[in-house]
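Got your viewer open and a hand on the mouse? Let's take a walk through this one, stop by stop.

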Amino acid sequence: MYDVVSVEEKLPVVVGVDGPPAGLDIVDLAAAEAAHRDVPLTVVHAWPGRHGEPQRHRVIRPDPADGKHLLDLAVQRIHMSHPGLDVNAELADENAAEALLRWSARSCLLVVRHRDEAGLGHSWGSTAAYLAHHSSCPLLVHRGPVPPGGPVVLAASGDRSTTAGCAFEAASRAGCPLVAVHVCEPGADHRQANRALSASLSSWQAAWPDVPVQHLLIDEADIAYTAERASQRSRLLVGGLGEKGWFVETLYVLGSATARARRQCPVLLVPPGWPQPVAAAVTPRRRRQS
């Protein structure tokens, strides 16, 4: 077992790693998030042990030495890119979803990779899909290389929530615009819905005046198309965690062979009641081209 972050320290960013060492690009995303927050980073690998599938279903028996080697490679990679970052690691002898759910209660962010699994009806894999509804802290789902351009896209409910605040903070940090997408009810007055959306975002716009905001009101028939285009053209999608609305459920089913062949940006899911982000002092800077 590796070091465990003590309760006296800042809540860490926690990243789950699995699969071959070639897939360790996820730790780059997690390390950047930890460095931005000035908090430790904990790398977790769940060794199946006695909690995995029956032995007859495995071609090769999982070896804890392989898991430790994967963690060592991940830590080395992080130290190369962020030499000053406080990094810990844990080899967990339990189910991956259970290990990461346990960590979510004492973390500021979970970072996981989506995994295409046939027969699940979605493309995120069982661990990411479970955490998308049960994580106690925000969940960042890595779906490929982070696009260098494009806006942050917020799935806006029309209510004032910390989810919107997290989207504004991410857009300010990246120096990019924010697009607030709101789904109108059938027969709704779009002008009235737009006014309500503006009211729900007004306090966040006041806190982050450097973030240009665009409203996009769509009908239910446009949800799938909008979500797919946003996945390809944005640098981050932000929505509420645990919701059964259009955002998470639509992203689940964007797992066709055609969609998987295209680059898809990360997804940040924020749980209800998560503490609101604090806006840093705005300093003049040259905005990046989106």
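The tour below goes from a helix to some charged pairs, then to cysteines and strands.

**Before you click**

You're looking at a predicted model: local features need pLDDT of at least 70, side-chain atom pairs count only at pLDDT 80 or more, and totals for chains, interfaces and linings use all residues. Residues are numbered from 1 along each chain as its sequence is written, and side-chain values use heavy atoms, with hydrogens and water left out.

**Stop 1: helix H5**

Select residues 162-174, and you have helix H5. (Helices, H or I with at least four residues, and strands, E with at least two, are DSSP runs numbered from the N terminus.) H5 has 13 residues and spans 18 Å from its first C-alpha to its last, close to the 18 Å expected at 1.5 Å a residue; the expected span is 1.5 Å times one less than the number of residues.

Is H5 largely enclosed or not? It is largely enclosed by the rest of the structure, because 11 of its 13 residues are buried. Buried means under 20% relative accessible area, exposed means over 50%, and partly exposed is in between (1.4 Å probe, protein chains only). Try colouring some of the buried ones, including Cys166, Phe168 and Ser172.

Now show the neighbours. The buried residues of H5 pack against several elements, among them strand E7 (178-183), helix H6 (190-207) and strand E8 (213-218); contact here means heavy atoms within 4.5 Å. Step just past the end of H5 and you'll find Gly175, with a positive phi of about 70°.

**Stop 2: charged pairs**

Side chains of opposite charge can pair when their charged atoms come close. How many salt bridges does the structure hold? There are 9, where a salt bridge is a side-chain nitrogen of Lys or Arg within 4 Å of a carboxyl oxygen of Asp or Glu.

Stay with H5 for a moment and select Arg173 and Glu33: their side chains meet in a salt bridge at 3.0 Å, N to O. This pair links distant parts of the chain, with Arg173 in helix H5 and Glu33 in helix H1, 140 residues apart. Arg173 is partly exposed at 31% relative accessibility, whereas Glu33 is buried at 11%. Add Arg37 to your selection to see a network of salt bridges linking Glu33, Arg37 and Arg173.

Next, pick Lys10 and Asp38, which form a salt bridge of 3.2 Å, N to O. Lys10 sits in the segment before strand E1 (13-16), and Asp38 in the loop between helix H1 (26-37) and strand E2 (41-46). Lys10 is partly exposed at 45%, while Asp38 is exposed at 53%.

**Stop 3: cysteines**

A disulfide is a covalent bond between the sulfur atoms of two cysteines. How many disulfides turn up in a search of the whole structure? The search finds 0, counting pairs of cysteine sulfur atoms within 2.5 Å. Zoom in on Cys108: the nearest cysteine sulfur, that of Cys137, is 7.2 Å away. Cys108 is buried, with 14% relative accessible area.

**Stop 4: strand E3**

Finish by selecting residues 87-92, strand E3. All 6 of its 6 residues are buried, so E3 is largely enclosed by the rest of the structure. Val87, Ala89 and Leu91 point one way, and Asn88, Glu90 and Ala92 point the other.

Bring E2 into view too: E2 and E3 pair in the parallel sense over 6 bridges, and strands count as paired if DSSP finds at least two bridges between them. Your last click is His45, which stands opposite Leu91 in E3.
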